[in-house]
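Let's take a look at how the inside of this protein is packed. Have the sequence and the 3D view handy.

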Amino acid sequence: MKKYLYNLATDKYKGIGPAIVKGFLFLISLIYGLVIRGLIFFCFLRQNRLNVKVISVGNITVGGTGKTSLVEVIARYLKQEGRKVAILTRGYKRKSIRYPCLAGRQALSAIRYETMGDEPYMLSKKLNDIPVIVDADRIRAAKRALKDYGVDTVMLDDGFQQWRLKKDLEIVTIDAVNPFGNRHMIPRGILREPLSCLRRADIFFLTKVDFGVKLDELKDILSKINPKTLIAESVHKPIGLYNLEKSAELFGTDILKDKRVSIFCGIGDPDSFENLIISLGAKIGLSFKFPDHHNYIKTDIDKIIKDSVDKGIDTIITTEKDAARLYASRFTPHASRILVLRIELTIIKNEQEFYNRLLGLYSF
């Protein structure tokens, strides 16, 4: 049902039947828009100011726009500059949602991804000396970060809709390939807020610009909405692959040149992963797409392995986010067949201006 509604929202279904459903969804989206505007208005009347710098990285649409990758980049940079940072996130689809969870600066071996959510778990593994606090209540999480870790900065992963918090820097990530969908709000479209809300942004951070075909048009639209906002551009750059069993051993992406592979993922934008693999010179023989944050079970992997073997394919590739939801021990002996693509977000335009804005938060 969720996939069907998303395909309707992105206008992938045509015909009389879908048109009738879209009309109904449009009416719901109008009501949703009114509710959202009301919530924003009342939340801004009673915003909470914290005794730390608050940097928000979020988006205005549903789906993957590279938020978490940017959070990682910013956290590393600020730590390098001597700041004490904590990352606050809700931990989408995690278990035990009534209770907060903490990782980083403590043994990750005692924590499973189900407790944190896949993206916070992945961040914790990469940033093991930066606390990642998973709590739907970001104000409570921020107070804990300040009390327990003496931080001077908290970062909100997926924070654009955290209207109750006063932010020092509002960064909005925008997918250059599909920035706003059909410009309708949920559930008729993919907008979480009206486009006019982009006026709150301090920085527009465009991702996947190497695949965007109307980049100048997108920047013109953003400049009209918010002419004073900095626009930075980035790409997701593949830096290597590793075996699911041996994450410390990274080898070059050149091994994929002209190689026939299978890929699988459960992420917000599976097409971007497919495009990355193709850009490395690989030939995709099979592609398995699961819902975002999919909880893999043994039968899922068994099918991927069997179908690949039947097609004579011996190389199977997934994403790091998906790898966070895979346990090598659970899928033995299949784990040795699975490769994980490691990528990093690289800023290709206005990089120094972007970092200057970050450091400018601490100059007064």
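What follows goes through one strand, one helix and the nonpolar cores.

This is a predicted model, so local features need pLDDT of at least 70 and side-chain atom pairs count only at pLDDT 80 or more, while totals for chains, interfaces and linings use all residues. Residues are numbered from 1 along each chain as its sequence is written, and side-chain values use heavy atoms, leaving out hydrogens and water.

Start with strand β2 (residues 85–89): five of its five residues are buried, so the rest of the structure largely encloses it. Buried means under 20% relative accessible area with a 1.4 Å probe, protein chains only; strands are DSSP runs of E, at least two residues, and helices are runs of H or I, at least four. Val 85, Ile 87 and Thr 89 lie on one side of β2, with Ala 86 and Leu 88 on the other. Pairing takes at least two DSSP bridges, and β2 has these partners:

| Partner of β2 | Sense | Bridges | Opposite residues |
|---|---|---|---|
| β5 (residues 153–157) | parallel | four | Ala 86 and Val 154 |
| β4 (residues 132–134) | parallel | three | Ile 87 and Val 132 |

Which residues of helix α11 (residues 351–360) are buried? They are Phe 354, Tyr 355 and Leu 358. They cover an arc of only 90° around the axis (taken from the directions to the C-beta atoms), which puts them on the same side of α11.

Phe 354 and Leu 358 turn up again in the largest nonpolar core, of 34 residues, where they, Ile 55, Ile 74 and Ile 171 touch the most other members. A nonpolar core is a set of buried Ala, Val, Leu, Ile, Met, Phe, Trp, Tyr and Cys residues joined through side-chain atoms within 4.5 Å. Helix α3 gives this core its largest share, seven residues.

Conventions: Buried < 20%, exposed > 50% of the residue type's maximum accessible area, 1.4 Å probe, protein only.
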